[in-house]
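Visitor: Hi, I have a structure open in front of me and would like to talk it through. Could we take it one piece at a time?

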There are 4 protein chains.
Amino acid sequence: MTEPALQTDPRPPRTLSKDARRTQLIEATISTMAEFGYSRTTLTAVARRAGLSHGLVLFHFHTKENLLSETLDHLSAEYRANWQAALASAGDRPEAQLEALVRADFNLSICTRDRLAAWCAFWGESQSRPIYQARCGSNDDHYNQMLEGICARMNTVHGYAHDPARVSRLIRISIEGVWLDLMTMATPYPTQEAMATVWLGLSALYPRHFQTRP
Amino acid sequence: MTEPALQTDPRPPRTLSKDARRTQLIEATISTMAEFGYSRTTLTAVARRAGLSHGLVLFHFHTKENLLSETLDHLSAEYRANWQAALASAGDRPEAQLEALVRADFNLSICTRDRLAAWCAFWGESQSRPIYQARCGSNDDHYNQMLEGICARMNTVHGYAHDPARVSRLIRISIEGVWLDLMTMATPYPTQEAMATVWLGLSALYPRHFQTRP
Amino acid sequence: MTEPALQTDPRPPRTLSKDARRTQLIEATISTMAEFGYSRTTLTAVARRAGLSHGLVLFHFHTKENLLSETLDHLSAEYRANWQAALASAGDRPEAQLEALVRADFNLSICTRDRLAAWCAFWGESQSRPIYQARCGSNDDHYNQMLEGICARMNTVHGYAHDPARVSRLIRISIEGVWLDLMTMATPYPTQEAMATVWLGLSALYPRHFQTRP
Amino acid sequence: MTEPALQTDPRPPRTLSKDARRTQLIEATISTMAEFGYSRTTLTAVARRAGLSHGLVLFHFHTKENLLSETLDHLSAEYRANWQAALASAGDRPEAQLEALVRADFNLSICTRDRLAAWCAFWGESQSRPIYQARCGSNDDHYNQMLEGICARMNTVHGYAHDPARVSRLIRISIEGVWLDLMTMATPYPTQEAMATVWLGLSALYPRHFQTRP
DNA sequence: GATGAATGAGCCTTCATTCAT
DNA sequence: GATGAATGAAGGCTCATTCAT
């Protein structure tokens, strides 16, 4: 993907393809939310970050609500594409799939401070906004079922005996938990250490398959 | 702790002690944040929920920023008091302390939907507000050091070999992770199941001490 | 009625009774509409004319739509009170009632340039706004039935033979027609001449009762 | 007059003569004003109704002000052409000319709901816009003088004794008055009844010449 | 203590207008 | 000729804050 102009270019080309503009504005929204939080993400701030006028934002997205909604969609789609790609190239063994999924979640193109912070801003609002709720992490049924399936196969293939729903949930929230740390801590630990923490959990749950350090 | 009047009383007494008023308004703030989220928590909404005028809110807290800040302090203090009380009556054995701490976190007076939602609202903003950040969960150094100490003693006393910092972090984020689930899921699982999920992690980490179900 | 401060006072009293403020703002709305027309009647313009802040307008009326709606109500009520008072003191004879009604419509406290212009601004919008339509002149069923009744009694009492619905409508639109003139003409004729024009119609319709000039 | 394409054609020819485009856009303006009123007549709405882009509207009319101004001119010219044609074929007798003028005003190609509504929208604004005022009905000196002349000849030829200025004004405002009714009433009476109302006035003013019903 | 009128900064949104294609 | 992306002024509205009562 070619990166859009963003604010690095002092004068972006006056006319861009419709899709490129939309993507550019969504990226500007993400980084604005990361810096200011949900409540102070204004159209003016987004537009300024993109180096464009606020009128243009509404020309492309009609309402602020819609801009935010599409930004969340964008993040969702990006996240899904990331784990699906990882899964696709992981082969058939459940332990390999599990490893691929975890590594994917700490992929440096996904696990950015900006993106995590944007997610977090949406989480904070999602409790009171059904529109967001459906698209925030824990409600991604597709992901949950997939992960639960892998855990179930860890049982059947390798003889473990964890409740699949519960163990898959534990793995998922371990990841979300360190993410939350990375966002909310004043001086967060490195991503490598975040992944090691999740790995510690995996090695405890599946001692014969996740012995080594990541 | 004496419960404040709140909105259950149609007409609270016109004059209350300064502290009682402040507590009443803080409780109103918590439930307003839980219902509307951070960005739509207005002074008027808080005042209405408390059955008072908005002028009075500022009379007691001077600014909105200060009201929110003190609300977060209130939640922090309440949380701290809860785990400290649990710890105090847990005896000396680290496994008992660990169990007490986990049970305390799912205590029904702490683990309310209102309170969780309010926490979540603050988390969402904390990334962009240093004022909040210092007081949000993962930055409570006192708690972290205490938990890490217990994990270290699990090693020395019972012969486990987990990195104390890492394992204590894993336990903490498990709890925060299920909390996040409870808040953001459309139809969350019961608190009991949330605790069982954390327990699954504990039993994997400390198989000789957390075998049985909670 | 005591006139509110309006813009004549450079600094109106900071606090007025709720009703007085509302009346003051409605009067400011009328004269703003008269000067600028419907489409350029902004809240800021109304507030400036009242010597107050625009925030206060919304404090009292919540929305612009509501302000305009209540302004129209005010004009309607005022107009109705005017003709009802005239009718009440006109005695029983239909010709006296007719004369009283017509004179009332050119009463100098009703037939102001400001008020006529405000009416006209509403007329212009009423076609596309059902909310206004119901309260604009020709839809005042109470007035229409009353006038038709008087015309019917002119027939029965004095032996005229005009279709009551039609003749009462003709009288009404004569009045509205000269009003429209007074508003839209660059250099309108005097009110006295306006009334004389209506009188000419009456004297033609009822030659035995409206011979003399008004 | 050749009818322009309007919105009936799903895809009007990409290239039209300059004049045809202008007429098409003016017609679109009239019907937009009729539906939405003056204050909500936007260039985009006009363009959409014409099935064209808003850019094109400004290409042809330069400013919105100019579009509206030319629309009013169009209505004025159309109105004038209508009564002049009627007058031209009415012969010399003043009572025939009067009848022809009145019938012309209720001509179904002039007295459309769309056109009346557009007139009304302009009236509502004309009070505060000198640009419109000069071209709105009551200020059409040509028409007024012509009508006054006819009334004067009713006096000299047939022995009536009405003040020509006053009686001609009464006739004109009767017509404008019923027009106003047709526009502003929720459920207006039929055009035929509107004309009968005017006729009632004429028959009262000129009993020996307008006895029969229209 | 308590109320609520009053202010004004800042937001989202509309829309006329410009201009590159 | 024609389109539609882009701009920016201005409007309605929300809301924290001030202040007279």
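Visitor: How many residues do chain A and chain B each put into their contact?
Guide: In this predicted model, the contact takes 42 residues from chain A and 42 residues from chain B.

Visitor: Which helices of chain A supply at least two residues to the side that touches chain B?
Guide: On the side of chain A that touches chain B, at least two residues each come from helix 1 (18-36), helix 6 (113-126), helix 9 (164-184) and helix 10 (191-205) of chain A. Helix 9 of chain A gives the most to that side, with 13 residues.

Visitor: And what classes of residue are on that side of chain A?
Guide: The side of chain A that touches chain B divides into 20 nonpolar, 15 polar and seven charged residues.

Visitor: What rotation puts chain A on chain B?
Guide: A rotation of 180° superposes chain A on chain B, with 0.0 Å of shift along its axis and an RMSD of 0.2 Å. That is the relation of a two-fold axis. The same surface serves both copies, since 100% of the contact residues of chain A recur in chain B.

Visitor: What about chain D and chain C, how many residues does each bring to their contact?
Guide: That contact takes 42 residues from chain D and 42 residues from chain C. Helix 1 (18-36), helix 6 (113-126), helix 9 (164-184) and helix 10 (191-205) of chain D each supply at least two residues of the side of chain D that touches chain C, and the largest share of that side, 13 residues, comes from helix 9 of chain D. By class, the side of chain D that touches chain C has 20 nonpolar, 15 polar and seven charged residues.

Visitor: Can we zoom in on one residue, C:Leu180? Where does it sit, and is it buried or exposed?
Guide: C:Leu180 is in helix 9 (residues 164-184) of chain C. The residue C:Leu180 is buried, because 25 other C-beta atoms lie within 10 Å, and the cut-off for being buried is 20 or more.

Visitor: What does C:Leu180 touch?
Guide: Leaving out residues up to four places away in sequence, C:Leu180 touches D:Trp123, D:Glu176 and D:Leu180. For a sense of distance inside chain C, the C-alpha atoms of C:Leu180 and C:Asp92 are separated by 31 Å, and these two residues are 88 residues apart along the chain.

Visitor: Changing topic, how many residues are in the largest nonpolar core?
Guide: The largest nonpolar core has 113 residues, and C:Ala118 and D:Ala118 are those with the most contacts inside it. Not counting residues up to four places away in sequence, D:Ala118 touches D:Ile30, D:Met33, D:Ala34 and D:Leu75. Apart from that core lies another, of 112 residues, and among them are A:Leu200, A:Ala204, A:Phe210 and B:Ile30.

Visitor: Why would nonpolar side chains be buried together?
Guide: As a general tendency, nonpolar side chains in soluble globular proteins tend to be buried together.

Visitor: Now the DNA. Which residues come nearest to strand E?
Guide: Of the 41 residues around DNA strand E, the nearest are A:Thr42, A:Lys64, B:Gly55, C:Ser53 and C:Gly55. The surface near DNA strand E divides into twelve nonpolar, 17 polar and twelve charged residues.

Visitor: And which are closest to strand F?
Guide: DNA strand F is surrounded by 41 residues, and the closest are A:Ser53, A:Gly55, C:Thr42, C:Lys64 and D:Gly55. The surface near DNA strand F has twelve nonpolar, 17 polar and twelve charged residues.

Visitor: What is the phi of A:His62?
Guide: A:His62 has a positive phi of about 70°, although it is not a glycine. The residue A:His62 lies in the loop between helix 3 (54-61) and helix 4 (64-88) of chain A, and A:His62 is exposed, with 10 other C-beta atoms within 10 Å.

Visitor: Last one: how is chain A split into domains?
Guide: The domain assignment of chain A gives domain 1 (1-62) and domain 2 (75-205). Their centres, taken over C-alpha atoms, are separated by 28 Å. Six residues of domain 1 of chain A are in contact with eight residues of domain 2 of chain A, and the side of domain 1 that touches domain 2 has four nonpolar, two polar and no charged residues.

Methods: Residues are numbered from 1 along each chain as its sequence is written. Chains are lettered from A and ligands numbered from 1 in the order in which they are written. This is a predicted model: local features need pLDDT of at least 70, side-chain atom pairs count only at pLDDT 80 or more; totals for chains, interfaces and linings use all residues. A residue is near a molecule or strand if its C-beta atom, placed from the backbone, lies within 6 Å of it. Ala, Val, Leu, Ile, Met, Phe, Trp, Tyr, Cys and Pro count as nonpolar, Asp, Glu, Lys and Arg as charged, and the others, Gly among them, as polar. Copies are superposed by least squares on the C-alpha atoms of residues with pLDDT of at least 70 in both. Two residues are in contact if their C-beta atoms, placed from the backbone, lie within 7 Å. A nonpolar core is a set of buried Ala, Val, Leu, Ile, Met, Phe, Trp, Tyr and Cys residues joined through C-beta atoms within 7 Å. A residue is buried if 20 or more other C-beta atoms lie within 10 Å of its own, exposed if 12 or fewer, and partly exposed in between; C-beta atoms are placed from the backbone. Helices (H or I, at least four residues) and strands (E, at least two) are DSSP runs, numbered from the N terminus. Domain bounds come from an automatic or database domain assignment.
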